[in-house]
Protein chains: 2
Amino acid sequence: MTSSNPRQGSTFQVGLLGHGTVGSAFARLLPEHAERIRLITGSAPELSGIVTRTSGSFDELLERSDLIVELMGGISPAREYVMRAIESGRHVVTANKQLLSRHGEELWQAARTHGVQLRFEGAVAGVVPVIRVIQESLAGARIDRVHGIVNGTTNFILTEMARTGVTFEEALVEAQRLGYAEADPSEDVDGRDAAAKMAILARLAFDTPIHLDQVRYEGIEQIQPEDLEYADELGLQLKLIGTAERIGAGLSVRVHPAFLYPGHPLASVMGPFNAVTVESEEFTEITMSGPGAGGPQTASAVLGDVISAMIPPASTPPTSQQLEIVEDVVSAFYLHLEVADEPGVLAQVARVLADDGVSVKSVVQKGLGEQARLVMVVHAVLESCFAAALEQLSRLEVLRSPPRAIRVLEEEFG
Amino acid sequence: MTSSNPRQGSTFQVGLLGHGTVGSAFARLLPEHAERIRLITGSAPELSGIVTRTSGSFDELLERSDLIVELMGGISPAREYVMRAIESGRHVVTANKQLLSRHGEELWQAARTHGVQLRFEGAVAGVVPVIRVIQESLAGARIDRVHGIVNGTTNFILTEMARTGVTFEEALVEAQRLGYAEADPSEDVDGRDAAAKMAILARLAFDTPIHLDQVRYEGIEQIQPEDLEYADELGLQLKLIGTAERIGAGLSVRVHPAFLYPGHPLASVMGPFNAVTVESEEFTEITMSGPGAGGPQTASAVLGDVISAMIPPASTPPTSQQLEIVEDVVSAFYLHLEVADEPGVLAQVARVLADDGVSVKSVVQKGLGEQARLVMVVHAVLESCFAAALEQLSRLEVLRSPPRAIRVLEEEFG
């Protein structure tokens, strides 16, 4: 089905630079999604080759690619490769925050000059689509402030310290064990990684050139378990917060640990998650959150950029599936019953439920003179079974009013 | 500066249908942002006219417009107008959830045929960019489930019931008083409004045609104050939840009240806010939240769509501002001091702070044998003043170790 002749026919050749965690995840993801992408864009993307620091010829890869995905990281040779790809008319997708926070202006300028797309969603907050939202959805808005938790390593460490009372060093070891921190975590824990990401966000949100060197940053190495204990007493959450905000006619861009009051939209962001809040007088605030790093997640963001580069004008493609509409689904339920306050009622109710396969998870019973309230949460069950049980229940003589049921969403999240 | 000859020169003519809350907010917003948009897109948008159900000629408006913004709502004449705009090669931006959830397929098909953009961010969750993210950022991902709080009226009512213990009817009156519910709130409170929005999200997320009639929905009219009391006891939050999820090879789309465990990303969405969580094995989950309705917010989403239609290929425009980088900003601080446990220490510390304009908000003092810990939160102050105070503090003889300070983000959100 795919043409062996690059840059022609129904395929779209994607050249990959770098084959680390994100690069190899992307190389796996691309063929898995090629057919779906063909339905959306009209052509199937195909990996034209992989070049790393130590293997492969960039010149040859460039020659046979429509688009270059740069996941090498670092400045050299990434900067040269990205520039040469742009200059030869190829779209580029990169997740390289160091490169963009230091040399973004020259690369964006080159992309405009050569009429190609330079996309970089994966550079900030992994799959959380902050770049696209600031650059496109909010293009017309006057943004006043951006707050972000843009480093998953430090958020994991602070969450662990708050949860378990361990020291920074102990939490760091745990983060390394779980793959949330690298062997050399210094750029994460000292705030420099977050500073690079905030430089990029500030550039987009405030239309002002920002170099990484202009971002003040502090890390979390100095945080003591005691600080988190007091935070708990004071009702605060401690996070490593990046801020970019208008101050008068100026702009402040900085990264430092900060306590958040519980109502703050970033206060509930836990573990390795990232989140960004964009504030504006016009629209109040928008918050986006999700997994901030990890090979598959960042690769997913990179793939979204590749697809966007393939179809510049957004359209709603024809439906490609005809999933059947399912009516009977599985739900847990809260069940509220007013019953006669006499012995054996709970047993009677439980038997009716059990007959239809409904099992009780927790019960609260309250006497109320002649009658009692029975409030329970039942485990997830097909709604038709629960409805049948409810029908049976409503016929029980001990029932004093119609039963009331409300669904409970189970915890299924990571 | 603007040409009086439509469809020519450096202006871009935007014809507006409807002049209600959102329409009039959009008509105000567009000229305010015209110059900024010219910097981004190369041409300044200009209102070519306004047509309502009772005034103005649609034919004449269409003739002199490059793009039609449809904010009339309802099916007729919106459906006919949108279709005619598309067929005459104009881009269309709409916020009409009823129209799209019932006639979306024919309109999207027409837009593809005529090579124009039909954008509709404002139709779901106001300024929260769920449409763009699902359609563009996640175009390549296999989505497993979408959960949403997509009706602000009901979320406000449920938040009020939980917070104050009032009945549904009382909370509804309060919502109407504050402008969060319409005079006739039936489509909001019975779940139908949310069902229309979930039909649109499900169509995009699962690439399957979905008509509003295929969405099961229940509202919140039956919820009793007591249910919220028990929820509180059980540690749950009650929300009106829209769900679209794969079940086997099928799809379930439904709206009903549901209890959420506290770890759920939608559990902390309060008041008139909307939020949508998109789940996938590939990227875990992404959550987006923000104000769900309101004229200015929805108008802001509409404006984002207009800009996108003006510049199909996304690029990073040259910087248009040169905001000065501000180094000295205002912060509140947590301050941790280990001091000699002797009389007058707190007074001494407070005096040093006051000398530099730092005022104390709260203090926790703990004796510790010979020494004491003094932990305080101080009100927001210029960081340079706080640094000066810290410098003075560290010279105090009563200090037993260097002071430790961490910033506190104040509650400034709505």
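Biologist: How many residue pairs are in polar contact across the interface of chain A and chain B?
Modeller: The rule finds 42 such pairs, both residues at pLDDT 80 or more. A polar contact is a pair of N or O atoms within 3.5 Å; within protein, one must be able to donate a hydrogen and the other to accept it, and residues adjacent in sequence count only if both atoms are side-chain atoms. This is a predicted model, where local features need pLDDT of at least 70, side-chain atom pairs count only at pLDDT 80 or more, and totals for chains, interfaces and linings use all residues. Residues are numbered from 1 along each chain as its sequence is written, chains are lettered from A and ligands numbered from 1 in the order in which they are written, and side-chain values use heavy atoms, with hydrogens and water left out.

Biologist: Which element gives the largest share of the side of chain A that touches chain B?
Modeller: Strand β9 of chain A, residues 250-260, with 9 residues. Strands (E, at least two residues) and helices (H or I, at least four) are DSSP runs, numbered from the N terminus.

Biologist: And how many salt bridges across that interface?
Modeller: 14, counting a side-chain nitrogen of Lys or Arg within 4 Å of a carboxyl oxygen of Asp or Glu. A:E226 and B:R404 are joined by a salt bridge between their side chains, 3.9 Å from N to O.

Biologist: How much area do chain A and chain B bury between them?
Modeller: About 10,500 Å², with 56% of it on carbon and sulfur atoms. That is the accessible area (1.4 Å probe) the two parts lose on being put together, summed over both. Chain A puts 118 residues into the contact and chain B 117, contact meaning heavy atoms within 4.5 Å.

Biologist: Switching to α6(B). How many of its residues are buried?
Modeller: 10 of 13. Buried is under 20% relative accessible area, exposed over 50%, partly exposed in between (1.4 Å probe, protein chains only). Among the buried ones are B:F156, B:I157 and B:L158.

Biologist: What do they pack against?
Modeller: The buried residues of α6(B) pack against several elements of chain B, including β6 (145-149), α7 (168-177) and β8 (237-247).

Biologist: What happens at the start of α6(B) and just after it?
Modeller: At the start, a side-chain oxygen of B:N151 comes within 3.2 Å of the backbone nitrogen of B:T153. Just after the helix, B:G165 has a positive phi of about 80°.

Biologist: Last one: is A:S43 buried or exposed?
Modeller: Buried, at 15% relative accessible area. A:S43 sits in the loop between α1 (21-41) and β2 (44-51) of chain A. Leaving aside neighbours within four places in sequence, its contacts include A:F12, A:R38 and A:M310.
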